[in-house]
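Colleague: I'm new to this one, so could you show it to me and let me ask about the terms?

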Amino acid sequence: LLPSLPTLTVLVPLLSLAGLFYSASVDETFPQGCTSTASLCFYSLLLPVTVPVYVFFHLWTWMGIKLFRHN
């Protein structure tokens, strides 16, 4: 029962973003220095969220081009 690629393309960025927001707002062990955009820690947390979001929008654009050409 492996989810399909379109389902994973939507779920992975949403779960990553939800996990980051949870860690930043609720979790008491979250480093306080990570909330400032000037710290390196902030970008180390931003990168794992950025990659799935980039893949999602890249596939979305690719599907739009494919649908446009075939219709």
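Colleague: How much surface does the protein expose, and what supplies it?

Modeller: The protein exposes about 5,900 Å², and carbon and sulfur atoms supply 74% of that. Accessible areas come from the Shrake-Rupley method with a 1.4 Å probe, and for residues only the protein chains shown count as cover. Bear in mind that this is a predicted model: local features need pLDDT of at least 70 and side-chain atom pairs count only at pLDDT 80 or more, while totals for chains, interfaces and linings use all residues. Residues are numbered from 1 along each chain as its sequence is written, and side-chain values use heavy atoms, with hydrogens and water left out.

Colleague: How many helices and strands are there?

Modeller: Two helices and zero strands. Helices (H or I, at least four residues) and strands (E, at least two) are DSSP runs, numbered from the N terminus. Leu15 sits in H1, residues 5-25, while Tyr54 belongs to H2, residues 40-70.

Colleague: Why is Tyr54 called exposed?

Modeller: Its relative accessibility is 56%, and exposed means over 50%, buried under 20%, partly exposed in between (1.4 Å probe, protein chains only). So Tyr54 counts as exposed. Leu15, at 60%, is therefore exposed too.

Colleague: And what makes Val53 partly exposed?

Modeller: Val53, also in H2, has a relative accessible area of 28%, so it is partly exposed. Its C-alpha is 5.3 Å from that of Pro13, although the two are 40 residues apart along the chain. Across the protein, buried residues make up 10% of the 71 residues.

Colleague: Which residues make the nonpolar surface patch?

Modeller: Leu47, Val51, Tyr54 and Val55 make a patch of about 410 Å². Patch members have over 30% relative accessible area and no salt bridge; like charges are joined within 9 Å, nonpolar side chains (Val, Leu, Ile, Met, Phe, Trp, Tyr) within 5 Å. A salt bridge is a side-chain nitrogen of Lys or Arg within 4 Å of a carboxyl oxygen of Asp or Glu.

Colleague: What is the expected span of H2, and what does H2 reach?

Modeller: The expected span is 1.5 Å times one less than the number of residues. H2 has 31 residues and reaches 45 Å, close to the expected 45 Å.

Colleague: Where does H2 bend?

Modeller: At Leu47, by about 30 degrees, with Pro48 following within four residues. The bend is the angle between axes fitted to the seven residues ending there and the seven starting there.
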